[in-house]
Amino acid sequence: MTKTWNQKSSRLVLGRTPLEQPAFLPMSKKEMDELGWDELDILFVTGDSYVDHPSFAAALLGRWLVAHGYRVGIVAQPRWDSPEDLCAMGRPRLFASVSAGAIDSMLAHYTAFRKKRHDDAYTPGGKAGARPNRATIVYSNLIRSAFPNIPVVIGGIEASLRRITHYDFWTDKLRRSILLDSKADCIVYGMGEYAMLHIAHVLDQYGETSGTPFSYIAQDVRGIAYMGTHDDIPPQAKLVELPSHEEIEADAKQLMTATLKLERHVQAADGWAIQPVGKRAVILAPPALPLSEEEMDELYGLPYAKTQHPSYKEKIPCVDMMTTSITTHRGCGGGCSFCSLALHQGRRIASRSKESIMQEIETLTRNKRFKGSISDVGGPSANMWQAYCKASPEKCKRQSCMHPKVCPQFTVNQAEGIALLRDIQKTAGIKNVRVASGVRYDLAQKEETALRAYTMEFTGGQLKVAPEHICDGVLNRMRKPGLASFERFLDAFKKYSEQAGKEQYVIPYLMSAFPGCTDNHMHELGNWLRARGWQPQQVQCFIPTPGTVATASYYAKIDEKGNELYVARTDAERLRQHHILMPSVGRKKTHTQRGNRGAYAAKKSDDYSDSNQRSNKRKTKHNGKPKHKKHAKNGNRSTQGKHSSRNAQSGQGKASPFAINKR
């Protein structure tokens, strides 16, 4: 039997006698029988396939609950025309938990221009359409049909970002909290380990049929939202009052007010929040606090199989990448206005210890499927491992630790991160180590030795960075560093790549149609790229996802201070901006040429200059084509998008390398 809870933690430990961890969490009655389980305590329903890896909430939370004595089963991607799939393992004793999966179901299905996607990396065979639109709502109502009166807990990115009134891009309308449409008992928002454990503990104590109100459960648990009234909030509690749903419907600017207040609620993490909806209200308990290092070690040290469930006959595309990546931390100090990471994971960083990470590396090298290459060691940004705030986050008024410049209170020893990467590289069985999650380049510039090491030692030919734009006015609204910071980074990247004798490329994520971004801004970006010989192949067109400040700007056409803002709202306006950098999107029989890839390379051998000349000859040949002249006239020729594979149309598909031509 495995020791499961963390004796060093100061939190109240809940749960029962730990259970033996199975090879995989059961997905059928037969697997339950093999484990000797006559019934489940908790049923997880997810829009992803079941991959037993800590990157997937069903696996991570499921094993966490098993470690605290609860029997958990998984129903992955059930049919939604009948509750039959949900009944395969019987009615769970305590509650059912629902998630749309690792990605919002609407983003999984549609591009920025509302075109149907043709694949899904989280589904066997990569096939699209295995989960329904608005999966959280559909699955929750299926559970109500399959198991009347059972408590339903929803969570994951889709539910978390829809916990209050939100703008829905797909219908161009406001929607109420997802609690109302899903008819769920509560939302576990953000990181849910202790919230889920607390819910299980209370229902275990009082019994599933006792009718225990979630207002009672929430008195002592963080990171939970439910329907109630002011009377459900503890007396003397610090309270954030959000504009009501009706007030936001009547005045679009109130969505910005609500969004900024919710953002502050998450950062301070010391009070409750309430949003009236009709005669009731959405009650939000204080957000979950980040896990301690010991708790992170315990959670990520559970015996995940690191592969897909054996019942699948086809390969799940995301598995290869997942199994060669190591999560070192959670949270992001960036607070970018278009990103949901800080709203979901928080701005405070929760990191694993070096010992825990090295243990996972050792285990990985013993896996017969492992080929020796680690694709990523990091989190939302690789160089924020072990970062912390020297000040009091409860009192901090900043909306980002990185903007308008890196806060002096945001403390991280990036040299420790480099030392970790070097120790991993020295491990027997490891051929190479990369940082596919990318680095925050403004933070990397704070420690020149770290930037040098990332470039010279741990960039496998391509390094992901996210400038998003080059116009300072647009960047300021994004809460991103200015152009000068990016250009300094490019100079350093080129210098260190040449010193290392490597031909390497920057993969920058760029964005069109951001609120406040005009056609002139996009032409300025295009001119900047052309002046450097850059010909990117993909651009993200801004998608207003629920809960973010940028989405509130998009809907209300105002900035954070309430000033009116130009917003490309119609598809025609959005496509026009996108075509300035990406002329081929939505047009048949057009061709966007790839750029010269010899740009950042140092001379590694006598053959290098010859290959570069051949590349230039190919480019000259293409440049003679009339259609290329047409593209140049239109100011096009370049292109690029929550941590990543970004689609050319939507920002969700793979990015391409960019290069700068030597002059």
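In the predicted model, isoleucine 42 stands opposite valine 72 of strand S2, and this pair belongs to the junction between strand S1 (residues 42–46) and S2, which run parallel and are joined by 5 bridges. Both strands are part of an open sheet of 9 strands with mixed pairing, in which the order is S2-S1-S3-S4-S7-S8-S11-S10-S9. The edges of this sheet are formed by strand S2 (72–76) and strand S9 (239–241), each of which pairs on one side only. On average, and with direction ignored, neighbouring strands of the sheet are turned by 25° against each other.

Helices pack on this sheet at several of its strands. Helix H2 touches S1 and S2, and the direction of H2 makes about 175° with that of S1. Helix H10 (residues 253–268) lies across S9, strand S10 (272–277) and strand S11 (280–284), and runs at about 165° to S9.

Helix H2 (residues 57–66) also meets helix H7 (residues 193–206), the two axes coming within 10 Å and crossing at roughly 45°. That angle makes H2 oblique to H7, and the crossing is right-handed. On the side of H2 the contact is made by Leu60, Leu61, Trp64 and Leu65, and on the side of H7 by Glu193, Tyr194, Met196, Leu197 and Ala200. By class, the contact of H2 with H7 comprises 8 nonpolar residues, no polar residues and 1 charged residue.

A further helix pair is formed by H14 (residues 354–365) and H15 (residues 414–426), whose axes come within 11 Å and cross at roughly 25°. Because angles under 35 degrees count as roughly parallel, H14 and H15 are therefore described as roughly parallel to each other; their crossing is right-handed. Lys354, Ile357, Met358 and Ile361 of H14 meet Ala419, Leu420, Asp423 and Ile424 of H15, and by class this contact has 6 nonpolar, no polar and 2 charged residues.

Valine 439 is located in the loop between strand S19 (432–433) and helix H16 (441–444). With a relative accessibility of 6%, valine 439 counts as buried, the cut-off for that class being under 20%. When neighbours within four places in sequence are left aside, the contacts of valine 439 are Ser381, Ala382, Asn383, Tyr454, Leu463, Lys464 and Val465. One of these partners, valine 465, is 26 residues away from valine 439 in sequence, yet their C-alpha atoms are 6.2 Å apart in space.

An open sheet of 3 strands, with parallel pairing, has the order S20-S21-S22. Strand S20 (462–468) and strand S22 (540–541) stand at its edges with a single partner strand each, so that one side of each is left without a neighbour in the sheet. Strand S21 (residues 505–512) and S22 run parallel and are joined by 2 bridges, and the bridge partner of methionine 511 in S22 is glutamine 540.

Elements of this sheet also receive residues from helix H22 (residues 571–581), in which Arg574, Gln577, His578, His579, Ile580 and Leu581 are buried. These buried residues of H22 pack against S21 and S22, and likewise against helix H20 (519–531) and helix H21 (549–556).

Methods:
Residues are numbered from 1 along each chain as its sequence is written. This is a predicted model: local features need pLDDT of at least 70, side-chain atom pairs count only at pLDDT 80 or more; totals for chains, interfaces and linings use all residues. Side-chain values use heavy atoms; hydrogens and water are left out. Axes are lines fitted to C-alpha atoms, for helices over the stretch in contact, and angles run from 0 to 180 degrees between N-to-C directions. Helices (H or I, at least four residues) and strands (E, at least two) are DSSP runs, numbered from the N terminus. Angles under 35 degrees count as roughly parallel, over 145 as roughly antiparallel, 65 to 115 as roughly perpendicular and the rest as oblique. A crossing is left-handed if the near helix is turned anticlockwise from the far one by less than a right angle, and right-handed if clockwise. Contact means heavy atoms within 4.5 Å. Ala, Val, Leu, Ile, Met, Phe, Trp, Tyr, Cys and Pro count as nonpolar, Asp, Glu, Lys and Arg as charged, and the others, Gly among them, as polar. Buried means under 20% relative accessible area, exposed over 50%, partly exposed in between (1.4 Å probe, protein chains only). Two strands pair if DSSP finds at least two bridges between them.
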